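Visitor: Could you walk me through this structure, from its pockets to its core? I would like to hear the reasoning behind each answer.

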Amino acid sequence: MNIIIFGPPGAGKGTQAKHLVKKLESFQVSTGDMLREEIKKDTEIGKKIINNMNDGKFVDDDIVNSLLEKIIFDPLKINKLIFDGYPRTLNQAKNLESILSKSNQKIHFVFFLNVNKESIIKRIEKRKILEKRSDDDANTILKRYDTYMEVTRPVLDYYSKKQNFHEVDGSMEINDISQKIEEILKV
Ligand code: AMP
């Protein structure tokens, strides 16, 4: 099964993606991780994207799309992809559909983890106490939340019209979210 986990920063996409990777013996496709790796290795791509990444801005579609191709055509990973953080723009959503169809694949399920700003603020407050994070971190997260909701709205509209789209309350406890997703997947 190929699955997209969609939702704002702080919704728990990564956590749920990792859970599904184990449960379904699949592979996590996190464009955020892939981009951070390019920066770490100081590649040409890394040099191009570092400023946008540091400012919490999206990286150009062309760059993100190109990083994805290798994974989608990997025979070991066919129909075992859990997308986390991709697609984030309409262009990326259409690109994904096109490369998947070139490799005779499709998206089986899209999950939108919906979390409102109040819940995110509560989570940040909790983390601030537990992990001694600063207010700067909290402000960055909130800024990224606003950008995400604004820029990804067309992507949400695009997927929400499809039959395989499911909205899940992302403010629930982690285990309850996983359970809800599994119920829908019937796994
Ligand atoms: P994430 O780890 O998914 O929260 O992503 C961290 C950062 O990587 C984002 O703030 C963006 O700068 C960049 N990024 C990750 N995925 C994408 C994507 N699909 N399109 C554009 N930028 C992305």
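Guide: Gladly, and let us start with a term: a pocket is an open set of grid points with protein on both sides within 12 Å along at least five of seven lines, and its lining residues have an atom within 4 Å of a point. Please keep in mind that this is a predicted model.

Visitor: Which residues lie nearest the centre of the largest pocket?

Guide: The largest pocket has a volume of about 1,600 Å³. Its lining is made up of 49 residues. Nearest the centre are P9, G10, K13, R127 and R144.

Visitor: Which elements give two or more residues to that lining?

Guide: The largest pocket draws on helices and on a strand, β2 (27-30). The full set of elements giving two or more residues is α1 (13-24), β2, α2 (31-40), α3 (44-54), α6 (117-131), α7 (135-151) and α9 (174-185).

Visitor: Let us turn to the interior. Which helix gives the most to the largest nonpolar core?

Guide: That core has 51 residues, and I3, F83, L96 and Y159 have the most contacts inside it. The helix that gives the most supplies six residues. It is helix α4 (residues 61-72).

Visitor: Which residues does L96 touch, leaving out those up to four places away in sequence?

Guide: L96 is among the core residues with the most contacts. In general, nonpolar side chains tend to be buried together in soluble globular proteins. The residues L96 touches are I4, L68, I72, F83, Y86, P87, I107 and Y159.

Visitor: Are the faces of strand β1 covered or uncovered?

Guide: Take strand β1 (residues 3-6) one side at a time: I3 and I5 on one side are buried. On the other side, I4 and F6 are buried too. Both faces of β1 are therefore covered, since buried means under 20% relative accessible area.

Visitor: What are the bridge partners of I4 in β3 and β4?

Guide: β1 runs parallel to strand β3 (residues 81-84), joined by three bridges. β1 also pairs in the parallel sense with strand β4 (residues 109-114), over four bridges. In β3 the partner of I4 is F83, and in β4 the partner is V110.

Visitor: How many aromatic pairs does a search of the whole structure find, and why is the pair of F6 and F112 tilted?

Guide: The search finds seven aromatic pairs. The ring centres of F6 and F112 are 5.8 Å apart and their planes meet at 50°, so the pair counts as tilted. Because F6 lies in strand β1 and F112 in strand β4, this pair ties together parts that are 106 residues apart in sequence.

Visitor: What is the angle between the planes of F6 and Y159?

Guide: F6 counts as buried at 2% relative accessibility, and Y159 counts as buried at 3%. Their rings lie 6.4 Å centre to centre and form an edge-to-face pair. The pair links F6 in strand β1 with Y159 in helix α8 (residues 153-160), 153 residues apart. The angle between the planes is 65°.

Visitor: Which residues form one aromatic cluster with F6?

Guide: F6 pairs with F112 and with Y159. The cluster that holds F6 also contains F112, Y148, Y158, Y159 and F165.

Visitor: Finally, which residues line the largest cavity?

Guide: The count comes to one cavity of 30 Å³ or more, and the largest has a volume of about 30 Å³. The elements giving two or more residues to its lining are α7 and α8. The lining residues are F6, F112, Y148, M149, T152, R153 and L156.

Note on methods:
Residues are numbered from 1 along each chain as its sequence is written. This is a predicted model: local features need pLDDT of at least 70, side-chain atom pairs count only at pLDDT 80 or more; totals for chains, interfaces and linings use all residues. Side-chain values use heavy atoms; hydrogens and water are left out. A nonpolar core is a set of buried Ala, Val, Leu, Ile, Met, Phe, Trp, Tyr and Cys residues joined through side-chain atoms within 4.5 Å. Buried means under 20% relative accessible area, exposed over 50%, partly exposed in between (1.4 Å probe, protein chains only). Contact means heavy atoms within 4.5 Å. Two strands pair if DSSP finds at least two bridges between them. Rings of Phe, Tyr and Trp (its six-membered ring) pair if their centres lie within 6.5 Å; planes under 30 degrees apart count as stacked, over 60 as edge-to-face and the rest as tilted. On a 1 Å grid over the protein atoms alone, a cavity is a set of points where a 1.4 Å probe fits but cannot get out, and a pocket is an open set with protein on both sides within 12 Å along at least five of seven lines; lining residues have an atom within 4 Å of a point. Grid points are joined across faces, edges and corners, and a volume is the space filled by probe spheres set on the points.
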